[in-house]
Amino acid sequence: MKKLLWGLGVLVFTLSGSSIQAQNKQLTIDDYTKWSRIVGTELSDDGKWFAYALRPNGGDDTLFVQSLSSDDVYEIPNANNAVFSGDGKWVSYMISPDQETEKKLRKSKKAVFRKAELLNLTTGEKKSIERGKSISFSNNSSHWVVHREKPEEDDSKHKGSDLVIHDLSTQKAITVGNVSEFAFNMKSSAVAYLVDANDKVGNGLYLLNTKSNAIKAVDTDSASYSQLTWDDHNALKSDWDKKGNKIAVLKGNTHKEEVHRSNELLVVSNVMGEASITKSNTAKLPNGYIISEDRSPSWTANSEMVLIGLKQQEEKIEMSKDTLANVDVWHWNDDRIQTVQMRQLNRDLRYTYVASFNTKSGSITQLTDEMVRSLVINEHNQYMVGRDEEPYRNDVNWGVSPADLYRIDIKSGNRVKFAEQIKRPLGYSPDGKFYLYQKIVQNDARLFVYNLSKNETIDLTKNTATRFVNDEHIYPHENPPYGVAGWTKNGKSVIMNTKYDLWAVALDGSGATNITKGEGEQEKIIFRYVNMNRQEPFIETSEELLLSAFGELSKKDGFYSLRIGKSPKMLVYEDASFGNPRKAENAKVVMLTRQTFEDFPDYYKTDSSFKKLDRVTDANPQQAEYAWGSRKLVEFESGKGRKVQGTLTLPANYEAGKRYPTIIYFYEKMSDRHHQYSMPTYDDRPHMSFYASNGYMVFMPDVYLEEGSPGTSSLDAITSAAQALIDQGYAEEENIGLQGHSWGGYQTSFILTQTDMFKTIVIGAPPTNLESFYNNIYGSSGTNHHGIMEIGQVRMGRDKTPWSAREAYQRENPMYHVPNINTPFLILHGTDDGAVDWAQGLELYNAARRNGKEVIFLSYPGEGHHLGREANQIDFQIRMKQYFDHHLKGIEAPDWMTNGVPHIQKKYRRAN
């Protein structure tokens, strides 16, 4: 009945939409609390149940566990993180205190605990366990396990806490104390766990047989155990029966005079029977090295070798900070500047070299060292790829990490270099036999595949003229490939993406075949492979394939099916945007989202034919009460003659031919968001639905930037977009405003200094001074801006610095043109911005103020690149709307705009 009424509602809306819109309410900031987003979705393996939580703006989650075949639904307040048992008979989730209670607990410095709950989906019976830390089911659905937090009064330093193992068939539970780690083997015949108790009493590795519930101690000692790993941890379901009878674990002690714990590796075989333990021989380690718990042991595919981490032991030195100078030495030869080293300190402290342990011979072989510091793990049982990045470390490496590549024999440690200066690695085949990468040869980007077993490199593109590289890449460094769709199961091909189509590229280098028959390029549809089977790492070319389809120009979205040898066949393709489909593991049920500007991305049930979409969720029914708006694709020509698109949000109750006050919101390519729902939410950007509901148009045009001219090309793009709206009869010529944040903030800052076309401009977190920004750093990562300035987003050009290209830097620098400003503008910036230093916003404010320009700087103490505190988000949404209302609609300015807010009158300063 509920679904029927919803359908009738849509019909009525369609028939009399304009009259209903006229009666609907305008959206206000106060209404935002009525909107919810869907989080934490989960589909049961049998396809019978779907779980999701509704998270309202500023409110508490509510979990819904909904039947997909009946009207049954369970509603659990304050719950999230649902997990279904494999047989679909049970669901477990966590219940948190409501936000108000949590605030009070934190304010009184009390612990905040969650409750784990189990729900029988047939009877509705519930079982709860307080202080839940994690929840899980065994794969065979025989047991439910809850790992608990320590009680609040327990201030002991040991890591262990209670583990509750609940037998779902008998409804009996076993509680094991002081458990630090636990894991089922994948076939669920056993759960292994580690005990870490106070004073190390009872520490060890234990095993519970899930059929008999018998517990046995595998190894016990007054030592610390950690990094428990079954040999089937990453195995596919087809291999579960063959594995899951071996365990690797680390065991050791920390000595007073040493910094790191000294461990031995325990490899337990035949864990379900008469277990045997093989121990690593520390005498076989490189001199001064220990096995480190900072790297979890990992098994090779054949379960014969274990990869471990090695670290050099350090002597503990007692030092007093009172006697030591606190100085950071910044040296010109540092491989990474000091700020990067500071941000990456914890990573560096946890870094380990990789070694292999042969479970048969007991030998330990070091695989990485100071030259080849990283090993790329794969499924090959003998060879893996190592990376040496040291020769190419450079502050200008933006978005890439060039490296020489080595084949490393994990048994002997022998190395063979097979490629140099690779910037675009594309990874292994699923079985680890091949490694794919892109390399520049004679200024041409080519694909190569390396056969690890044969030590053979093959040029995959020598016999095809097809371009697998994205020549339209927007940044001035090595163009990336469009990506790998997958590897064929017959081992003969890798399927590569081009801009529109999919090609099967023969691994012997003999050529390539367009398996989508060129239909993508012909129709300007971007096809991409969708893997609906998480247990199948290869592409089975004898079966029907599922492709996603996106219309580059039409913005339509949907799915096609493909039989190799035939043209793609349309399943669903419409004016909407679809989310990634998720198929139930043991049923034909498929769940996915569908959204448009006017339709929230609710979830729909379908199957692999996509013939019928049945709506399952209805997150925001209150939207029907409000005037909303609609979207229209607009095409225009830039000043440089390029055909460009943009997505225009029309105001609610739009009247064709009538002009409206308009806001242009932009970054780079925005038209692909044409069918994106405009969620009213707390953040620091304009929401199209909100402004459309209040009589504005909002235009999001595509911006194409040229190397060396980011500001001037943005100026051309945005003024052309504004003129197109005027010429096409949409915008009020005298009432057009701009808003841009971050990189969009730079562009708005520059446009501000170049034209009087816009009535007002709102700028968020802007880089404003290209010269000072060039030598500044990302506060969050510590890296300097040389890379992003030259070959990244700013794209001034490789080796184009403020000294070598001074004229270009001054031409594109907003700060050099501040005296030209005639437009009132507003700046937003958080003082703790980790991407664009707050001083950049301050520079523009101070320069404008000194030159007598009309500027307001909204500075939010403690905020980052985007506002994170809800009160600040609401504050800025209100102020931005008031600012646009005054300048674009002539509404009287509020006092803060007219007179400012003296610091002594700041309410936050006086609040408790």
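Is Ile-317 buried or exposed?

1. This is a predicted model. In it, Ile-317 has a relative accessible area of 57%, and is therefore exposed, since exposed means over 50%. Its place in the chain is the loop between strand 21 (305-312) and helix 4 (338-343).

2. Ile-317 does not stand alone on the surface: together with Met-319 and Leu-324 it forms a nonpolar patch. The accessible area of these three residues together is about 340 Å². In soluble globular proteins, nonpolar side chains tend to be buried together.

3. Turning to the interior, the largest nonpolar core has 55 residues. The members that touch the most others are Ile-664, Phe-758, Met-789 and Phe-825. Helix 8 (residues 710-727) contributes the most to this core, giving 8 residues. A second core, separate from that one, has 48 residues, including Ala-584, Met-591, Tyr-691 and Val-698.

4. Met-789 deserves its own point. With neighbours within four places in sequence set aside, its contacts are Leu-770, Phe-773, Tyr-774, Val-794, Arg-795, Met-796, Gly-797 and Tyr-809.

5. Helix 14 covers residues 870-889, which is 20 residues. From its first C-alpha to its last, helix 14 reaches 27 Å, close to the 28 Å expected at 1.5 Å a residue. After the helix comes Gly-890, with a positive phi near 75°.

6. Which residues of helix 14 are buried? They are Asn-872, Gln-873, Phe-876, Gln-877, Arg-879, Met-880, Lys-881, Tyr-883, Phe-884, Asp-885, His-887 and Leu-888. Among them are Arg-879, Lys-881 and Asp-885, as well as Phe-876 and Leu-888.

Key. Residues are numbered from 1 along each chain as its sequence is written. This is a predicted model: local features need pLDDT of at least 70, side-chain atom pairs count only at pLDDT 80 or more; totals for chains, interfaces and linings use all residues. Side-chain values use heavy atoms; hydrogens and water are left out. A nonpolar core is a set of buried Ala, Val, Leu, Ile, Met, Phe, Trp, Tyr and Cys residues joined through side-chain atoms within 4.5 Å. Buried means under 20% relative accessible area, exposed over 50%, partly exposed in between (1.4 Å probe, protein chains only). Helices (H or I, at least four residues) and strands (E, at least two) are DSSP runs, numbered from the N terminus. Contact means heavy atoms within 4.5 Å. The expected span of a helix is 1.5 Å times one less than its number of residues. Patches are made of residues with over 30% relative accessible area and no salt bridge: like charges are joined within 9 Å, nonpolar side chains (Val, Leu, Ile, Met, Phe, Trp, Tyr) within 5 Å. Accessible areas come from the Shrake-Rupley method with a 1.4 Å probe; for residues, only the protein chains shown count as cover. A salt bridge is a side-chain nitrogen of Lys or Arg within 4 Å of a carboxyl oxygen of Asp or Glu.
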